[in-house]
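Let's walk through this chain together, from its overall contacts down to one sheet. Keep the viewer open as you read.

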Amino acid sequence: MLDRFKLGLLLQWLIVFLLSPACEASSLGLTVHVVPLDDDGGKTVRAHFSVITPSPCPDLAAVCAAEEDCQAHRTSLPFSYTQPSPAWCVRQWQKTVPSNYNGEFSLGLHSAFYVAINADPKIRANNGKLNRPPFVALPPPLRASVNCPVDFHVSTKDLDGDKVQCRFARADKGECRDCFPHSFMELDEGSCTLTFTGKAAPGQYFIYLMAEDLIPSPQSRLILNNPPLSSVPVHLSLTVEESPSSCSYRPLALDGTPKRDSVQFVLPFQEAKFNAYYNAVQESVVEIAVVGPPDLYRVGFASVGPLAKMTMAWIRSENNLTQILPVCFVANTKSFQSELRCLWLYQREMRTLPAGTELRCNQTEMSLVLPVTSLIDVDLTKLQLNSPTCPVTYNNTHLTAHIPLGGCGTKAVHAGSELVYTNTLKTVHQTMISRRPSLILPLACRIPGTQVKGPNHLLDMPTERETFGEVRFWLEFHLPGQGPLSRFTSTPRFRSNFSPQARARRDAALAKSTSSNGTQTDLQLKERVTELDLYVMSNCSVSRAEMIVTECMESETEDFTGSKPILEKGCMMSNSTLEIITEKRTSKIFRLNINTLKISGTKINVECKLNLCISTRPSDKCPDLCGNTTRSSVLVDSVFTSTYSIRSGPVSLLLEDFLNRNSSTTPIPSNNVTNAPPSNVTSPTEPTSLKPATPKPPTFPGGPPPSSQIPNITPINTMSTGNTTTSQAPEAATSWITGVILMSISIFLQTNVLQ
């Protein structure tokens with residue numbers, strides 16, 4: 001009896017285990033960068049793994065066994081994002097494995113990976129060196145919408161200059177397990193481009209590829225027998241979602257965003273810095289998701305209306321990473337994803353310094369002494385530092401330069417716990433083509449972290465409070481011609497910042513609004529007002545600051561069920577709302593037509609989201625969100641606060657409530673407000689609803705970033721869990737089929753054997 005009970009319990013536990021999410025484990029993304037090791041003739045390789053797993057991020061303790069040549073990359077700058085749902089993160093490590101390697105491993109309960117590497121050593125005929133397998137960039141999890149075809153370009157590079165092609169992995173070759181091509185995915189093998197046809201049910205799907213390098217053949221002749229030199233695995237995931245609107249509402253990259261497959265060369269201790277700019281028409285960007293090398297820092301993410309930006313940078317310190325490093329990024333809204341873009345960071349190989357070279361570092365400068373005999377055929381008159389104003393002197397034996405740490409183009413960067421001052425001695429040709437050899441000599445003085453003290457070495461960026469002051473925001477409601485800015489509302493001038501759909505109705509609204517001033521007194525006290533001025537106020541006193549109201553919505557209920565938009569992305573949504581032009585740039589006034597807003601009750605609730613902005617160029621202005629802005633310069637040349645959400649609470653629309661209150665009393669922003677404001681004025685203190693999402697302070701490799709870095713902006717948390725389902729994806733059905741089989745076995749055993 002006891003044995004039967006134990007066996008039944010074991011079967012039930014096995015069924016529950018197989019039906020749990022752990023059994024649906026799969027790879028959200030994987031690439032392996034393979035570097036042959038010369039020590040044993042390429043029989044072993046250094047495999048650099050990058051994988052994407054569902055959050056919470058699993059620990060890396062299991063990837064490196066004892067006595068194994070392995071290194072896990074634990075970074076203070078993790079890649080962790082929310083779209084597509086569920087949230088996901090990146091894990092990276094490297095280890096030495098055989099050149100022909102098959103293996104399976106798991107990270108946490110929800111991620112299983114099967115890896116097949118074919119990199120048998122082959123000596124190249126053109127240079128006598130070991131062949132180097134291709135490199136494939138790992139993108140963030142891909143997203144698409146039902147019935148919306150889209151292309152995904154898989155970015156590849158080959159250090160030997162070989163042709164790279166991609167194909168679907170094959171289970172019969174031992175390259176994957178339980179893998180098969182999807183009917184809705186097409187692959188152009190030559191360009192490594194995947195095409196989603198749009199003909200798929202909502203769900204999450206997994207794609208398994210192999211990237212191969214082939215000896216390039218001249219276009220004039222075809223090589224019939226040209227087998228691949230090596231093959232490496234590429235795992236991708238695609239989440240198909242229901243499309244809420246048009247397929248053309250994907251975020252678009254603006255000028256200044258790195259081009260697809262572009263390359264940046266990086267010298268030792270040099271900082272590679274680049275920006276991403278996007279314009280999203282339908283929905284605001286909630287995140288710019290990035291997958292890149294360890295210690296790539298991402299700062300300054302701002303999403304203001306349809307515009308979004310972020311800065312990425314990587315500092316080359318001493319590392320054992322691969323020579324080329326991919327960085328892939330996309331902009332995610334709640335429903336859409338931008339085009340995938342990847343760039344490559346190329347770590348230049350540098351020769352050892354010639355004998356007799358001296359570089360001395362002290363507290364104020366570095367001094368260079370370089371033997372002239374090491375500069376064969378180099379034109380010494382063409383040599384200069386980062387700044388051409390600093391002299392480089394030479395004689396018959398030596399070249400010398402005295403380089404101040406605070407001048408001559410010297411840059412300060414943080415590398416680990418060290419502060420590094422860098423400059424470059426290089427040849428500058430006046431013409432584009434020169435037959436004479438060129439010199440590029442990076443110079444660096446490294447200061448250990450224990451010596452980085454005092455204000456001379458403090459590199460920081462201004463905080464929001466330092467830039468804008470201690471700001472407060474609140475809402476006020478006044479009858480036209482009343483309120484603290486009545487001189488602008490009594491004879492108003494209106495701004496024509498309508499959405500394209502509402503612009504056609506603008507003239508009629510203007511005529512009605514300008515002629516209705518004074519009609520409020522004709523109403524009975526118990527009647528509703530016909531027009532109301534919404535004041536969006538701040539206490540910011542910075543002269544060049546501007547307020548940007550990205551959206552406002554109104555509702556007759558405090559929980560904002562059934563809310564209606566007043567503004568979206570800075571644009572009026574109908575002729576029921578007009579913006580009044582004032583001279584106060586840190587506040588906004590909107591005239592609301594209560595009748596055309598179709599409010600049935602006697603109270604209204606309003607919520608607005610806003611930012612403050614300062615243009616860094618005195619001649620420029622902050623972006624006009626409703627002006628179809630597509631230039632990235634309006635983001636580069638502007639500094640923003642966090643996005644604040646401010647809610648009014650119930651506001652009476654009865655005329656007597658406005659006439660009975662003392663309209664000359666206007667609340668003054670302060671940190672300590674003891675008297676409750678009138679019902680039509682929100683408190684200027686900072687309740688929970690007015691606070692932005694708790695900002696995460698940016699973390700940089702070893703310390704603060706260079707002072708040239710733009711300020712960090714942490715927007716309000718607009719991320720939400722999507723409606724993605726996986727029940728229709730074929731992969732998700734495997735565990736259920738297994739469970740049904742085991743359940744049948746359990747019933748059979750209990751009825752026929754155990755009895």
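Among contacts (heavy atoms within 4.5 Å) between residues at least 6 apart in sequence, 73% join residues at least 24 apart. Please keep in mind that this is a predicted model, in which local features need pLDDT of at least 70 and side-chain atom pairs count only at pLDDT 80 or more, while totals for chains, interfaces and linings use all residues. Residues are numbered from 1 along each chain as its sequence is written, and side-chain values use heavy atoms, with hydrogens and water left out.

The chain has 755 residues, and 50% of them count as buried, that is, under 20% relative accessible area with a 1.4 Å probe, protein chains only. About 36,100 Å² is exposed, with carbon and sulfur atoms supplying 52% of that area; the areas come from the Shrake-Rupley method with a 1.4 Å probe.

You will find 44 strands and eight helices here. Both are DSSP runs numbered from the N terminus, with at least two residues for a strand (E) and at least four for a helix (H or I).

Now look at one open sheet of five strands, ordered E33-E35-E40-E39-E34 with antiparallel pairing. Its edges are E33 (473–478) and E34 (494–495), each pairing on one side only. Two strands pair if DSSP finds at least two bridges between them; E34 and E39 (residues 577–580) have two, in the antiparallel sense. Arg495 stands opposite Glu579 in E39.

How confident is the predictor? The average pLDDT (confidence in each residue, from 0 to 100) is 79, and 75% of the residues score at least 70. Over residues 500–519, pLDDT stays under 50, as it does over residues 662–679. Where pLDDT is low, the predicted coordinates should not be read in detail.

Conventions
pLDDT = per-residue confidence, 0-100.
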